[in-house]
Structure formats: C-alpha cells, structure tokens
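Me: I would like to go through this structure and ask, label by label, what each one rests on. Please set each value against its cut-off before you conclude.

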Amino acid sequence: MHYGANYKGFKETMYATKKGWITLVGMDGSKVMDVFEDTHWLGHFQFSPIDSTIAMFCHEGPWNLVHQRIWLLDITSRSVQPNYRQGEDYCIGHEFWTTDGKIFFDNRRKGHDGTITVDKTQATIKEDATDQVPFIGLADHEGTILRTIDLPYYCNHYHSDKECNLIVGDEVEDLVLIGISGREASIETLCTHNTSWSTHQTHCHPTFSWDNKKILFTSDREGTTNLYLVNVPDHN
C-alpha cells in the first residue's frame, strides 16, 4: 500500500496482487465472519437501509480503469451481482443508498478517474478526454435504472436529502445545492468549504441531516481537519 498525498498509489494499489474480504462483526462481540472474498480491491461497504440482508460494495480504483464499480451482496446466500452494468465509456463512483433503498451513483463519463488532489486536478488523468455529458442515476437493488439526470457540473461527492429532490455536492472550492426534482438540474452555491484536498481526511463529503435542515461536511480550513455544520436554505 502507498501512503502520502491524496490518492498516492491509487492506480498502483488497484493493479497490485491482493486479496480482499468483506467481514461482518457482531456489535455484541458474538461473532466475526468473512462473507465474501475476492482478488479485487474491495471498499465502500454499505448495508441497505431497508433490508439488512442486502449490502453494496465497490471495486475500488480510478473510475476510468475499474470495469464494474458497484456490486450487491446477498449476505444470506453470500452471492454477488453487479448493480447497473457499466458501458465502455462509463466512469462510475460515489454510490450510496437513499433512505428509501434506492442506489444513487455518479457517472462522470469517459476520461474521469473520480479523484482530486491538492493541486485541484485529477490524480491519474490530467485532461478531460471527452465532451460527453456526465449524469447521475438512481437504480433499484436489482440494478434496474429508475432515473438518470444530466449533471454537467464537477463535484467530488454527492449526497441527497430525504426525498431525493435536492443533492449537495463539493466542488473544488464550494459546497453547492443541486435541485433534481424537475426535468433539468439547477445549481446554486451554498458556501465556501476551503478544504485543501491534501489527504483523504480532508475530503468534504457533505451529508444532509435526517431532517434536511443541516449539512455536515469536513474541512481543514482552519489548519486542522474538523467537522462543520451549515444550515440548508428553505426550498419550499
């Protein structure tokens, strides 16, 4: 494993010879159990919020090099299946469960590795290789696409409100709110986050509170990595 600056060794780790495990640990200390093993770099494990026997994980690495990012795991049968089979030019990542059990994902399209460095550039791709329009999508737990929305903006992470009508994203310098309830997305700046992007710990990863009233994010704007809360404007 490579250590150092943000995304140092990202591509090299993906190509390295390795084994990955998904391990379940009982919170009461009663059991530890490996439920899946693979030779890929496994990450981003998330239980479904509506069915604890289903979970999601990813094959990690630069988005433009990973052939299939999102996978679903049936914990009971220990079987896996791809969620939303990727096309040749897809660069997919930052998947998460919505509160009602849908899977949100970001598709940057060809030429994006899904990273940002302290130099405010991608780690493995120096220039955009296409004029394809990025999009976000919602899929069900069987991989059926329910909706896609063109999103010609560059945010490093997204998260949705409870109703999935509004998403928050972290641009290079700002947090933005993006409305996705209509046919086209609309964007407005919420605040400046001023993070350095120097390490993974300084990623903003903005997240809505459960009541949609606040957004929690990370920044080292004052020299030390801290958590910050910002109020969400009334969009009613």
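Reply: A residue is called exposed when its relative accessible area is over 50%, and buried when that area is under 20%. The model discussed here is a predicted one.

Me: Why is leucine 229 called exposed?

Reply: Leucine 229 has a relative accessibility of 58%, and because the label exposed requires over 50%, leucine 229 counts as exposed. This leucine lies in strand β17, residues 226-231, and together with Leu216 and Leu227 it forms a nonpolar patch on the surface, with about 300 Å² of accessible area together.

Me: What makes cysteine 191 count as buried?

Reply: The relative accessibility of cysteine 191 is 18%, and since buried means under 20%, cysteine 191 counts as buried. Cysteine 155 is buried too, with a relative accessible area of 0%.

Me: How do you know that cysteine 191 has no bond to cysteine 204?

Reply: A disulfide needs two cysteine sulfur atoms within 2.5 Å, whereas the sulfur of cysteine 191 is 8.6 Å from that of cysteine 204, its closest cysteine sulfur, and is therefore too far for a bond. By this rule the count comes to zero disulfides; for cysteine 155, the nearest cysteine sulfur, that of cysteine 204, is 10 Å away.

Me: Which residues have the most contacts inside the largest nonpolar core?

Reply: They are Leu177, Leu190, Phe208 and Ile215, in a core of 15 residues. Strands β12, β13, β14, β16 and β17 each give two or more residues to this core. Apart from it lies another core, of 14 residues, with Cys155 among them.

Terms used. Residues numbered from 1 in each chain as written. Predicted model: local features only at pLDDT ≥ 70, side-chain atom pairs only at ≥ 80, totals over all residues. Heavy atoms only, no water. Buried < 20%, exposed > 50% of the residue type's maximum accessible area, 1.4 Å probe, protein only. Patch = residues over 30% accessible without salt bridge, like charges linked within 9 Å, V, L, I, M, F, W, Y side chains within 5 Å. Areas by Shrake-Rupley, 256 points an atom, 1.4 Å probe, with all protein chains shown as cover. Salt bridge = Lys/Arg side-chain N within 4 Å of Asp/Glu carboxyl O. Helix = DSSP H or I, 4+ residues; strand = E, 2+ residues; numbered from the N terminus. Core = buried A, V, L, I, M, F, W, Y, C linked by side-chain atoms within 4.5 Å.
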